[in-house]
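Me: I would like to learn how to read a protein structure one feature at a time. Could we begin with the way in which two helices lie against each other?

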Amino acid sequence: MSKKATLLINNQEFDFPIVLGSENETSIDIKNLRSLTGGVTTIDPGFKNTASCESKITYLDGEKGILRYRGYSIEDLSNNASFLEVAYLLIYGNLPTQEEYKKFNDDIKKESIVDEDIKKILEAFPKSAHPMGILSSLTSALTAFNPSSKHIDYDRSKSELYDTIVKVLGKIPVLIAWTFRKKNGLPLDYGDSSLGYVENILKMMFNKPNEQYVQNPVLVNSLNKLLILHADHEQNCSTSTVRIVGSSHAGLFASISAGISALWGPLHGGANQAVLEMLESINEDGGDTNKYMQKAKDKEDPFRLMGFGHRVYKSFDPRAKIIKVATDEVLNDLGIVDPILDIAKGLEKEALSDQYFVDRSLYPNVDFYSGIIYRAMGIPSDMFTVMFALGRLPGWIAHWREMRLRNEPIGRPRQVYTGETHRPYSPISDR
Ligand code: ACO
C-alpha cells in the first residue's frame, strides 16, 4: 500500500504521509497541511473522522465489536481481573506483578483520607444538587488541599505524578460515597483499610449507623465488572476533554473535574440515568414499547431511544453484551423481578429487527442495561453517572499521563469562520 496520500487543491498536488496503527488502521498525517498549502485546514465537526492523537492504551474496532485494554480483551479482563489490576494496566501499560499490585493498593489506601474541610464544602450544597455537579466541584476542590498536584512538571516530578494518581484513586471514591450518604441523610463513613477497593466502596456507601456491613459477593463481583467495563474507551468526549485540559498543563484533579462535567451529559455518561428514567416512564405509561419505537423514529419528535447508538460501534457494543448477561445473573442471584428489565429486552428485540435501527446500525450501548444492575444494587438513578465516573478514573488518568509523557502540544483546533466580514462601528444613536 502507498505510504502517502495525495491531495489536489486548485490543481496543485500535496503529499501527506500515511500513519498505520498496530491493527493496520490507516490515518493521513496532516500536521503540515497549513504550512504546505498556505493556510488550508480540514473541517470535521464532532471529530467523526479525526484522530486527535496516537495512543497505546485502548483499541476498539466498532465494526467488529472489539474492545481491548493494552491488548487484553474486555471479556477476559471483566471475567478475571480486579478493577485495580485493570487500573494499573491502563495507566502503566502492563498487568502488575504481585509486588507492584500490593504497593499500588497500599498507596491508594494511604491516600483514601479526605481533608475534613471538604466536608464543609459538601455540606454547603443544597439537597437538590445533582451528584455529578457535586463530584466535579469537590474533585476540583481537591487541588486546593493537595497543592503539589496543581501543575505537575512531568520531567522533574515523576514521583509527584505517582502520588497524585494514587490520591485520585484513593480520594474520589470517598467523595462519591459521601455524596451518596449526604443525599440519603446518612452520617459520612470513613471506610475500612482492611477491605478491598470495591468492598470498601460498597461499605462506605451502604453502611448503616450502628450496623455491621455485610459484604454480598454478588454485588462485589458485579460492581467490579461494571467498573472494569467502564474503565476506558479511547478518545470519547470526556477522555478527550481530560487530554485537552491537561494539554494546557493544568493538573490532574482539574483535568478530571472537567472530564466529570463532560461525562455528565445524556449523550455520553449521563445516558445511564436517562435510560432508566425512560424505561420507568414507559412502564408507567403501560409498557407499550412499540409506541416509543415510533417516537424514536419520528424526526419531528425529540425523543431518542436512550442507551442506543454509538459513535464508533456499528455492529454491537461488546460491553453491552457482557452487562446484559450480568444483569440477568445479578437479578436472579438477588431474587429481584424488575419489570423494567422486560421493557428493556422488549425494546432491544424490536430495535434489532426494525429497519430504521438496522439501517443506522443502532445497537444497545454500555448504558442500556447498566442502570438496571445499579438499581438492583440499591443505587439511585442520579448516582449512576457518578458510578460511571468512578470506573472511568483509570482511563482518564492513563490518557492524561500518556499525553504529558508524549509531550503533546496544547490542544487548539482551527475553525472556518462564517460570520460577518469587516464592518464599521455605528454609534447607538444611529441604530
Ligand atoms: N434513537 C433514535 N435515533 C437515533 C439514536 C437513538 N438513540 N441514535 C442515533 N439515531 C439516529 C439519528 O437520528 C441519525 O439519524 P439520521 O441519519 O436519519 O439523521 C442517525 O441515527 C445517526 O445518529 P447521530 O446522532 O448522527 O450519531 P452520532 O454518532 O453523532 O451520535 C450518539 C451517537 C450520541 C451516542 C447517539 O446515538 C445518541 O444520541 N444515542 C442516545 C444517547 C446514548 O445512549 N448515549 C450514550 C452513548 S455511550 C457513552 O457515551 C458511554
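Reply: H7 and H11 are oblique to each other, because an angle under 35 degrees counts as roughly parallel, over 145 as roughly antiparallel, 65 to 115 as roughly perpendicular and the rest as oblique. The axes of these two helices come within 10 Å and cross at roughly 45 degrees, where axes are lines fitted to C-alpha atoms, for helices over the stretch in contact, and angles run from 0 to 180 degrees between N-to-C directions. Helices (H or I, at least four residues) and strands (E, at least two) are DSSP runs, numbered from the N terminus.

Me: What should I keep in mind about the model itself?

Reply: This is a predicted model, in which local features need pLDDT of at least 70 and side-chain atom pairs count only at pLDDT 80 or more, while totals for chains, interfaces and linings use all residues. Residues are numbered from 1 along each chain as its sequence is written, and side-chain values use heavy atoms, with hydrogens and water left out.

Me: What is the handedness of the crossing of H7 and H11, and which residues make the contact?

Reply: A crossing is left-handed if the near helix is turned anticlockwise from the far one by less than a right angle, and right-handed if clockwise; the crossing of H7 and H11 is right-handed. Contact means heavy atoms within 4.5 Å, and here Thr164, Ile165, Lys167, Val168 and Ile172 of H7 meet Leu252, Phe253 and Ile256 of H11. By class, these residues divide into six nonpolar, one polar and one charged, where Ala, Val, Leu, Ile, Met, Phe, Trp, Tyr, Cys and Pro count as nonpolar, Asp, Glu, Lys and Arg as charged, and the others, Gly among them, as polar.

Me: How are H5 and H6 placed with respect to each other?

Reply: Helix H5 (residues 116–124) and H6 pack at an angle of about 150 degrees, with their axes 11 Å apart. That angle makes H5 roughly antiparallel to H6, and H5 passes H6 in a right-handed crossing. On the H5 side, Asp117, Ile118, Ile121 and Leu122 take part, and they meet Ile134, Leu138, Ala141, Leu142 and Phe145 in H6. This contact has eight nonpolar residues, no polar ones and one charged residue.

Me: And which angle do H17 and H18 make?

Reply: Helix H17 (residues 367–376) and helix H18 (residues 384–405) pack at about 105 degrees, with their axes 10 Å apart, and they are therefore roughly perpendicular to each other. In H17, Asp367, Gly371, Tyr374 and Arg375 meet Phe384, Met387 and Phe388 of H18. The classes here are four nonpolar, one polar and two charged residues.

Me: Is Thr139 buried or exposed?

Reply: Buried means under 20% relative accessible area, exposed over 50%, and partly exposed in between (1.4 Å probe, protein chains only). Thr139, which lies in helix H6 (residues 131–145), is buried, because its relative accessible area is 0%. Not counting residues up to four places away in sequence, Thr139 touches Ile172, Leu175, Phe253, Ile256, Ser257 and Ile260.

Me: How many residues of H8 are buried?

Reply: Helix H8 (residues 197–206) is mostly covered, with nine of its ten residues buried; among them are Tyr197, Asn200, Lys203 and Phe206. The buried residues of H8 pack against helix H3 (83–92), helix H4 (98–110), helix H7 (158–183), helix H9 (217–229) and H18.

Me: Where is Glu63 found, and what is it in contact with?

Reply: Glu63 is found in the loop between strand E4 (58–61) and strand E5 (66–69), and it counts as exposed because its relative accessibility is 56%. Leaving aside its neighbours within four places in sequence, Glu63 is in contact with Val312, Lys314 and Ser315.

Me: Which phi does His249 have, and where is this residue found?

Reply: His249 has a positive phi of about 70 degrees although it is not a glycine. His249 is found in the loop between helix H10 (237–246) and helix H11 (252–264), and at 36% relative accessibility it counts as partly exposed. Asn407 also has a positive phi, of about 55 degrees, and is not a glycine; its place is in the segment after H18, and at 60% relative accessibility Asn407 counts as exposed.
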